[in-house]
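Reader: Hi! I'm new to reading structures, could you walk me through one?
Author: Happy to, let's put it on the screen and chat.

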2 protein chains.
Amino acid sequence: MAPRRSAFFISDRTGITAEMLGHGLLTQFDQIEFTETTLPFVDNVEKALAAVDEINAAGRRDGLRPLVFSTLVDPAIIDEVARAEALVLDCFQIFIAPMEAELGVRSSHAVGRSHSVANGAGYFRRIDAVNYALSYDDGQSTKDLDNADVILVGVSRSGKTPTCLYLALQYGVKAANYPLIPEDFGTMKLPGVLSRMRGKLFGLTILPDRLHQIRSERRPGSQYAALANCVAEVREAEALMRNETIPYLDTTTRSIEELASTIMHQASLQRHIY
Amino acid sequence: MAPRRSAFFISDRTGITAEMLGHGLLTQFDQIEFTETTLPFVDNVEKALAAVDEINAAGRRDGLRPLVFSTLVDPAIIDEVARAEALVLDCFQIFIAPMEAELGVRSSHAVGRSHSVANGAGYFRRIDAVNYALSYDDGQSTKDLDNADVILVGVSRSGKTPTCLYLALQYGVKAANYPLIPEDFGTMKLPGVLSRMRGKLFGLTILPDRLHQIRSERRPGSQYAALANCVAEVREAEALMRNETIPYLDTTTRSIEELASTIMHQASLQRHIY
């Protein structure tokens with residue numbers, strides 16, 4: 001095993017893009033253990049100098065040059081960070097020159113344009129979508145379900161709530177969710193309120209073993225969590241969804257962002273924010 | 001105004017990293033209007049060929065070469081996409097060679113390593129964090145508040161709930177929130193349950209005009225939403241937070257990810273997931 005090496009994600013704003021790209025790149029080198037640090041809001045030369053000190057100190061401590069993933073925009077700040085005793089990978093500026101050549105215009109070199117609150121409509125859309133997901137969680141309300149962009153259905157603890165919240169926060173999509181409960185399986189029909197919304201329904205399912213594990217954390221030893229009950233509920237929920245031709249995804253081996261982006265794609269949903 | 005031009009974000013997984021980086025780059029060219037499309041889960045050559053067809057069709061329709069932002073990992077898929085009649089910007093592979101040189105090892109060229117559900121602990125941590133934020137929303141529960149990584153305080157509708165949910169989903173952080181209500185302002189003291197958690201508290205505030213606007217959408221014409229009431233509540237909440245030396249942020253001009261990443265940074269919180 002090689003010694004630990006430091007990696008930094010540096011940005012003039014939140015650092016989330018640098019983290020996601022840089023972390024994805026680091027996972028391609030799984031022989032090496034990295035110590036990952038985000039340096040957000042590095043938006044003036046003084047902060048850049050402090051960041052360089054922190055990077056250089058990590059390099060001396062590790063005895064290895066750190067890796068630095070940057071989404072900095074301001075040339076003066078970039079120049080300072082480039083002086084760090086590190087491999088500095090510029091994940092943003094490197095694409096600006098070919099884009100300028102292709103587009104035939106100069107870039108604005110302006111910091112923090114995306115997610116800007118100047119875009120007030122997008123901000124409200126997102127807050128609205130979060131409030132919507134919270135109000136229409138677990139079948140709490142069925143009034144105005146027509147306003148939903150998508151309605152997730154599935155057995156209790158199949159992953160509906162976090163997926164709805166991710167759809168709201170990442171995409172500004174209004175996602176309601178409605179549980180499929182044992183009472184629905186007797187008739188093998190959708191609850192009445194859902195049957196006229198068929199086009200908006202998207203199902204989630206889960207392996208019974210995993211469902212048993214999740215429910216057992218919440219209510220250990222209960223009938224609700226019993227493996228036999230989980231097996232039966234999942235089997236019947238899947239039969240109901242097939243019967244009603246509702247598309248569905250297995251959440252067992254998918255992360256929340258995979259579920260959300262797959263639903264966006266398969267249900268052809270429109271994203272409202274970036 | 002130049003004509004619209006198409007931009008694609010292509011990935012073998014969710015496309016979220018490509019979208020965030022690519023969208024950030026496009027905002028640097030605000031003279032041009034872009035039509036943005038995500039092509040996720042392009043994980044075999046057949047899907048790559050279909051993606052190239054879609055990209056080429058957009059180029060013919062626009063009469064301009066599309067821009068393509070790629071985080072593809074598999075060389076065979078990358079080769080197909082590189083044949084599109086477009087400016088293909090490789091946002092991932094371009095960094096692999098300098099990283100291999102620096103690290104002295106080969107990359108695994110493996111798809112979808114980050115956010116992998118193989119990392120079961122991270123998956124549960126995130127679901128736990130979401131459930132925590134929902135259970136400890138708006139002071140609903142105060143039992144086990146000791147388990148919170150951070151507790152957001154502020155007046156009603158200052159942005160606490162979406163920020164807590166973002167902290168849970170993006171970072172796996174357990175974030176509770178507790179409202180500051182007019183009853184607290186009489187004594188200028190924290191509610192008892194919070195006073196022994198001072199080290200975990202982080203405040204949110206908001207400009208009264210904006211608060212008035214947000215509350216008016218929810219309860220138009222109410223005393224709760226009245227501008228004079230918003231002015232008074234915000235003034236008193238800020239005085240209370242200063243009095244109790246609780247750090248606080250103004251949410252008026254910040255996006256949810258800015259709030260969340262600033263809190264992570266200023267409160268030195270540990271992220272639990274990537």
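**A chat about two chains**

Author: Let's start with a single pair: Leu67(B) has Leu87(B) as its bridge partner in S4(B). Strands (E, at least two residues) and helices (H or I, at least four) are DSSP runs, numbered from the N terminus.

Reader: Before we go on, what kind of model is this?
Author: This is a predicted model, where local features need pLDDT of at least 70, side-chain atom pairs count only at pLDDT 80 or more, and totals for chains, interfaces and linings use all residues. Residues are numbered from 1 along each chain as its sequence is written, while chains are lettered from A and ligands numbered from 1 in the order in which they are written.

Reader: Cool. How many bridges join S3 to S4 in chain B?
Author: Four bridges link strand S3 (residues 67-70) of chain B with S4(B), and the two run parallel. For strands to count as paired, DSSP has to find at least two bridges between them.

Reader: And what's the order of the strands in that sheet?
Author: The order is S2-S1-S3-S4 in chain B, four strands in an open sheet with parallel pairing. Strand S2 (34-39) and strand S4 (87-90) of chain B are at the edges with a single partner strand each, so one side of each has no neighbour in the sheet. Neighbouring strands there are turned by 20 degrees against each other on average, direction ignored.

Reader: Which helix of chain A lies across S3 and S4 of chain B?
Author: That's H4(A), running at about 175 degrees to S4(B). Axes here are lines fitted to C-alpha atoms, for helices over the stretch in contact, and angles run from 0 to 180 degrees between N-to-C directions.

Reader: New topic: how many residues does each chain put into the contact?
Author: Chain A gives 57 residues and chain B gives 58 residues. Two residues are in contact if their C-beta atoms, placed from the backbone, lie within 7 Å.

Reader: Which helix supplies the largest share on the chain A side?
Author: H1(A) does, with seven residues of the side that touches chain B. By class, that side of chain A has 30 nonpolar, 18 polar and nine charged residues. Ala, Val, Leu, Ile, Met, Phe, Trp, Tyr, Cys and Pro count as nonpolar, Asp, Glu, Lys and Arg as charged, and the others, Gly among them, as polar.

Reader: What does H1(A) do with H1 of chain B?
Author: The axes of H1(A) and helix H1 (residues 16-26) of chain B come within 9 Å and cross at roughly 135 degrees. H1(A) and H1(B) are therefore oblique to each other. Angles under 35 degrees count as roughly parallel, over 145 as roughly antiparallel, 65 to 115 as roughly perpendicular and the rest as oblique.

Reader: Which residues make that contact?
Author: Ile16(A), Thr17(A), Met20(A), Leu21(A) and Gly24(A) of H1(A), with Ile16(B), Thr17(B), Met20(B), Leu21(B) and Gly24(B) of H1(B). By class, the contact of H1(A) with H1(B) has six nonpolar, four polar and no charged residues.

Reader: And H6, how do the two H6 helices cross?
Author: The axes of H6(A) and helix H6 (residues 160-171) of chain B come within 11 Å and cross at roughly 110 degrees. H6(A) and H6(B) are therefore roughly perpendicular to each other. Pro162(A), Leu165(A), Tyr166(A) and Leu169(A) in H6(A) meet Pro162(B), Leu165(B), Tyr166(B) and Leu169(B) in H6(B). The residues of this contact divide into eight nonpolar, no polar and no charged.

Reader: Where else does H6(B) lie?
Author: H6(B) lies across S5, S6 and strand S7 (201-205) of chain B, at about 170 degrees to S6(B). Those strands belong to an open sheet of four, S6-S5-S7-S8 in chain B, with parallel pairing. Five bridges join strand S5 (residues 150-154) of chain B to S6(B), and Ile151(B) stands opposite Ala176(B) in S6(B).

Reader: Last one: what rotation superposes chain A on chain B?
Author: A rotation of 180 degrees, with 0.0 Å of shift along its axis and an RMSD of 0.0 Å. The two copies are thus related as by a two-fold rotation axis. In chain A, the C-alpha nearest the axis is that of Thr17(A), 3.3 Å from it. Copies are superposed by least squares on the C-alpha atoms of residues with pLDDT of at least 70 in both.
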